[in-house]
Amino acid sequence: MDAYIVIAVLILMIAAFVANKWPFGLITMTCCIILGVVGVLDVPTAFSGFCNPFVVMLAGAFVVTNALARTSFIGRLQKNLMKMQDGKSGIKLMLLFVIAIIVLATFMPGPALLAIIIMMARNLNDEGEVNAARVILPAAALTTLWNGRIPFGIGAGQFAILDGFLESAGEQYSIGMFDPMLAGLVPGILLAIYTISCYKLLPHKKLDTIAVETNEDRNKEQPKMSKRNEIITYVTFVVMLLLMIFNQFTGNLLYIGPAVCAVFLVFTKVITVEDVKKGITVDLIFMLAGIFTLTSALSSTGAGEIIGHAIISLFGGNMTQFSLVAIFSGIAVVVTNFMSNNATMYSLIPVAVTTALAAGLNPVPAVLAIDVAVKCACALPCSSGEAAMCYGASGYTIKDTWKFTIPANILFYVGTLAGVYLFF
């Protein structure tokens, strides 16, 4: 019964997102309250999203990056980006952002990477062809796909995670270190090209809704940061980056580090407590916390499995290797836009392995296809933490983005099939 209640709440949340009459944070918190009131979750679990390590990390990262935004370095960066807008076509400017995302995604977790991309994008001229909103929304899809895809940095152990699903299938089935990268190479390149060439499918938002201040406020003379405070800010920001880049060795400091850095800036009087309040976007934090709680409920109550099995039941008959990959990657693309990509992957892969073995097929291509397809999480704010973050930051509604996200999902699906078929 609990699983069906969670599914009903999920449908309610999606409907509220589509209606776009209330702040996203209010919607997700309402869903958490409902699950607590009806007894599906106890009170600590209903609001456990606020204790999610990524939420803690994100709040601290925003404070530090907002402090960095007040330095002369960012002032110069803003002027250079403005010149780039004037001197370069929108395609060339988008290409620079896409390359930056792919490179950083090798070493940094998605939310931390996006915090930096958002900070950079907010310095773009709102009147330019490429403005903040048109950069931030595609960044969610690109970050989710490329994050840890290359088997270095944070992606070094991805193949081992997938290999763990195949232990029960027998020693003849295994996944190599570079297999996840190869499986995601074609859809990754296609999505990058699509973003660079089709960003105009997203509406032009003249108002930079991610900035804490309005455009009018931004044009006012801002107090300059002293040389001493700038040096402290630079060092603190670099320390935060290093903690993220070397997350395999820093452990929990990956999540606590940004908060420590933010507190350090307060105690050294570089920023004030008021600056901390401004740096944390309340609605965004509430939305992420609520989504993390709901996706956890989907997994813990079995609601995710019900959704997966319901879709699988629509397909019957004999399976070939290609149809196995096509069906499960298609299901993954759909389901991942309603629940977290990890929850989708953990729900679908065991079913795919069992189905493949029962049909006498190799489960490895299906496992790799699911691993790639669940990263196509950009159609809805609840698709992933990265999507939630970018919807909240860009100011787009779901209706605003459909012309961009629906073709992106289709292209991603076709690319996944092509990539898995080509290499496996």
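Helices (H or I, at least four residues) and strands (E, at least two) are DSSP runs, numbered from the N terminus. The legends below describe a predicted model, in which local features need pLDDT of at least 70 and side-chain atom pairs count only at pLDDT 80 or more, while totals for chains, interfaces and linings use all residues. Residues are numbered from 1 along each chain as its sequence is written, and side-chain values use heavy atoms, with hydrogens and water left out.

**View 1. The whole protein has 22 helices and zero strands.** Of its 424 residues, 53% are buried (under 20% relative accessible area; exposed means over 50%, and partly exposed in between, with a 1.4 Å probe and protein chains only). The protein exposes about 18,200 Å², a value from the Shrake-Rupley method with a 1.4 Å probe, where for residues only the protein chains shown count as cover. Carbon and sulfur atoms supply 67% of this exposed area. Among contacts (heavy atoms within 4.5 Å) between residues at least 6 apart in sequence, 81% join residues at least 24 apart.

**View 2. Helix α21 spans residues 385-394 and is mostly covered.** Nine of the ten residues in α21 are buried. Among them are the glycine G385, the acidic residue E386 and the aromatic residue Y391. Also buried in this helix are A387, A388, M389, C390, A393 and S394. The helix is followed by G395, whose phi is positive, near 85°.

**View 3. K269 has a positive phi without being a glycine.** Its phi is about 65°. Most residues other than glycine have a negative phi. K269 lies in the loop between α14 (253-267) and α15 (273-279). K269 counts as exposed because its relative accessibility is 71%.

**View 4. The largest nonpolar core has 129 residues.** A nonpolar core is a set of buried Ala, Val, Leu, Ile, Met, Phe, Trp, Tyr and Cys residues joined through side-chain atoms within 4.5 Å. V6, L35, V135, L191 and I370 touch the most other members. Helix α8 (residues 132-146) gives the most to this core, with eleven residues. Leaving aside neighbours within four places in sequence, V135 is in contact with M94, F97 and I117, and also with A121, L124 and V130. In soluble globular proteins, nonpolar side chains tend to be buried together.

**View 5. R149, D371 and K375 are joined into one network by salt bridges that share partners.** A salt bridge is a side-chain nitrogen of Lys or Arg within 4 Å of a carboxyl oxygen of Asp or Glu, and by this rule the count comes to two. In one of these, the side chains of R149 and D371 meet at 2.9 Å, N to O. This pair links distant parts of the chain, 222 residues apart: R149 is in the loop between α8 and α9 (158-164), and D371 is in helix α20 (residues 364-373). D371 also forms a salt bridge with K375, with the closest N and O atoms 3.3 Å apart. R149 is buried; D371 counts as buried because its relative accessibility is 0%, and K375 because its value is 11%.

**View 6. I33, V37, V38, V43 and F47 make a nonpolar surface patch of about 470 Å².** Patches are made of residues with over 30% relative accessible area and no salt bridge: like charges are joined within 9 Å, and nonpolar side chains (Val, Leu, Ile, Met, Phe, Trp, Tyr) within 5 Å. F47 is placed in the loop between α3 (43-46) and α4 (53-68). F47 counts as partly exposed because its relative accessibility is 33%.

**View 7. E129 and I193 each have a partner distant in sequence.** E129 is found in the loop between α7 (110-121) and α8, and is partly exposed, with a relative accessible area of 38%. E129 and H204 are 75 residues apart in sequence, with their C-alpha atoms 7.7 Å apart in space. Not counting residues up to four places away in sequence, E129 touches G90, R134, Y199, K200 and H204. I193 belongs to helix α10 (residues 179-198) and is partly exposed, at 48% relative accessible area. I193 and V98 are 95 residues apart in sequence and 9.1 Å apart in space, C-alpha to C-alpha.

**View 8. C261 and C376 are two buried cysteines.** C261 counts as buried because its relative accessibility is 6%, and C376 because its relative accessible area is 3%. A search of the whole structure finds zero disulfides, a disulfide being a pair of cysteine sulfur atoms within 2.5 Å.
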